[in-house]
Structure formats: structure tokens, C-alpha cells
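Here are a few short exercises in reading helix geometry from coordinates. Have your viewer ready, try each task, and then compare your steps with the worked solution.

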Amino acid sequence: VIRSVAAGNGTEALQDAFAFKLRFGPIALFLMIACAWWADKPADVVLAVFLVGVSTWAMSVGDAFNAVFKGVQRAGYSALLVGGTYICLTGLGIGAMIYGAGILGIAVAYTLCRLGFMVAAWVLIRRLGYEIGKMFRWQAVWAGVYFMPAVFFVGILLNINFLTADGLGAGAES
């Protein structure tokens, strides 16, 4: 996306990136929830997995939008979005811990901040004249499938970390 935007042909690349995330994000989210449910985790942990999954998808979509700002050399927009998101997340996360909101409080903090990042990035790219569009090219979506083995490998590493933490702790600590 960054390279295409810098070359003046960013709309199609942005639409392709968005299409891939829109089509495969829900599948990944479903798999995350299914794994938590299958592992017989308590309902609050399954809900937290759902919320963190939604927040991760929103951050991924926001990152595609943020690539536009990098391509048009608007580092200020990028810094404002990313910095604002992490300041918000830090504040809400600390607040959730102080007030004893537990794992669900942290998950809600992530979801609110990252959805805010995505929406703010979307508003800003529209100001630059970019449109996501209503039609996506399936070819671009399927081309992204070739990257899935790398994503799968990272997912395996994260699951190993989860299982290790789960084995050393109990439930919500992991």
C-alpha cells in the first residue's frame, strides 16, 4: 500500500488490502473463539478472546489505512493515530486494572482504543480523497492466501506462548 500510494496508484492497493482483511478477519476471529471454547475456557475468557480478536482485526484494518499516510508522507497523521491509540490504551488499561475490571476490562480497553484507531484512520484517509469502495477484487483476496503460511506460523508461536502460560498459571493469567 505504501509503495502504491507513493507512486500515485494507492486506491486499488488500499482496496485490495482492505478486502483481504475484511474477508479473512472474521475467519481468524471465529477460529480464535472456537479454540478458546474448545479448550473449555470460562465464558469471560472466551468473551475476552472475542474482544481482543475484534480489536486485533480493527488494528489490522487501521494499519492498512495508516499505510496511506506513510505513502503520502503525512507522518503527523500516523504519529497522532498510533501515539493516541497507545496513550488511550495505556490509560484505559491502567484504569481497568486499578478498578479491578479484570481480563474483560483489559479486553474492552483494547477493543475501544483499536476501533477508535480504525475509525479515525478511515476518516483521515477520506479527507485525503481515498475511498474504500464497495466492490473488491476477489483476485487480490485469493492472492493474499499465499501469505497465510507465514501468518499460521506466527499463530502457532503465539499458541505455544499461550499454552506455556496456561500450563504455568491458571486460567485468566494466561
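**Exercise 1.** Work out how helix α3 (residues 43–71) and helix α4 (residues 75–98) are oriented to each other in this predicted model.

*Solution.* Two packed helices are described by the angle between their axes and the distance between those axes. Start with the pair itself: α3 and α4 pack at an angle of about 155°, and their axes lie 8 Å apart. Next, apply the cut-off: angles over 145 degrees count as roughly antiparallel. Therefore α3 is roughly antiparallel to α4. Last, add the handedness, which is left-handed for this crossing.

**Exercise 2.** Find which residues of α3 and α4 meet, and sort the contact by class.

*Solution.* On the α3 side, look for Met59, Asn66, Phe69 and Lys70. Their partners in α4 are Ala75, Tyr77, Ser78, Leu81, Val82 and Tyr86. Sorted by class, the contact of α3 with α4 has 7 nonpolar, 2 polar and 1 charged residues.

**Exercise 3.** Repeat the analysis for α3 and helix α5 (residues 102–127).

*Solution.* Here the axes come within 8 Å and cross at roughly 20°. Angles under 35 degrees count as roughly parallel, so α3 is roughly parallel to α5. The crossing of α3 and α5 is left-handed. The residues of this contact divide into 24 nonpolar, 5 polar and 3 charged. Now turn to burial within α5: the buried residues include Gly105, Ala109, Cys113, Phe117, Ala121 and Leu124. Arg114 in α5 is buried as well.

**Exercise 4.** Check the end-to-end spans of α3 and α5 against 1.5 Å a residue.

*Solution.* Take one less than the number of residues and multiply by 1.5 Å. For α3, with 29 residues, the expected span is 42 Å, and its end C-alpha atoms are 42 Å apart, which agrees. For α5, with 26 residues, the expected span is 38 Å; the end C-alpha atoms are 38 Å apart, so this agrees too.

**Exercise 5.** Where is Asp40, and is this residue buried or exposed?

*Solution.* First place the residue: Asp40 is in the loop between α2 (10–38) and α3. Then check accessibility: Asp40 has a relative accessible area of 68%, so it is exposed. Finally, look at the backbone. Most residues other than glycine have a negative phi. Asp40, although not a glycine, has a positive phi of about 60°.

For further practice, step past the helix ends. Just after α3, Gln73 takes a positive phi of about 60°, and just after α5, Gly129 takes a positive phi of about 95°.

Methods
Residues are numbered from 1 along each chain as its sequence is written. This is a predicted model: local features need pLDDT of at least 70, side-chain atom pairs count only at pLDDT 80 or more; totals for chains, interfaces and linings use all residues. Side-chain values use heavy atoms; hydrogens and water are left out. Helices (H or I, at least four residues) and strands (E, at least two) are DSSP runs, numbered from the N terminus. Axes are lines fitted to C-alpha atoms, for helices over the stretch in contact, and angles run from 0 to 180 degrees between N-to-C directions. Angles under 35 degrees count as roughly parallel, over 145 as roughly antiparallel, 65 to 115 as roughly perpendicular and the rest as oblique. A crossing is left-handed if the near helix is turned anticlockwise from the far one by less than a right angle, and right-handed if clockwise. Contact means heavy atoms within 4.5 Å. Ala, Val, Leu, Ile, Met, Phe, Trp, Tyr, Cys and Pro count as nonpolar, Asp, Glu, Lys and Arg as charged, and the others, Gly among them, as polar. Buried means under 20% relative accessible area, exposed over 50%, partly exposed in between (1.4 Å probe, protein chains only).
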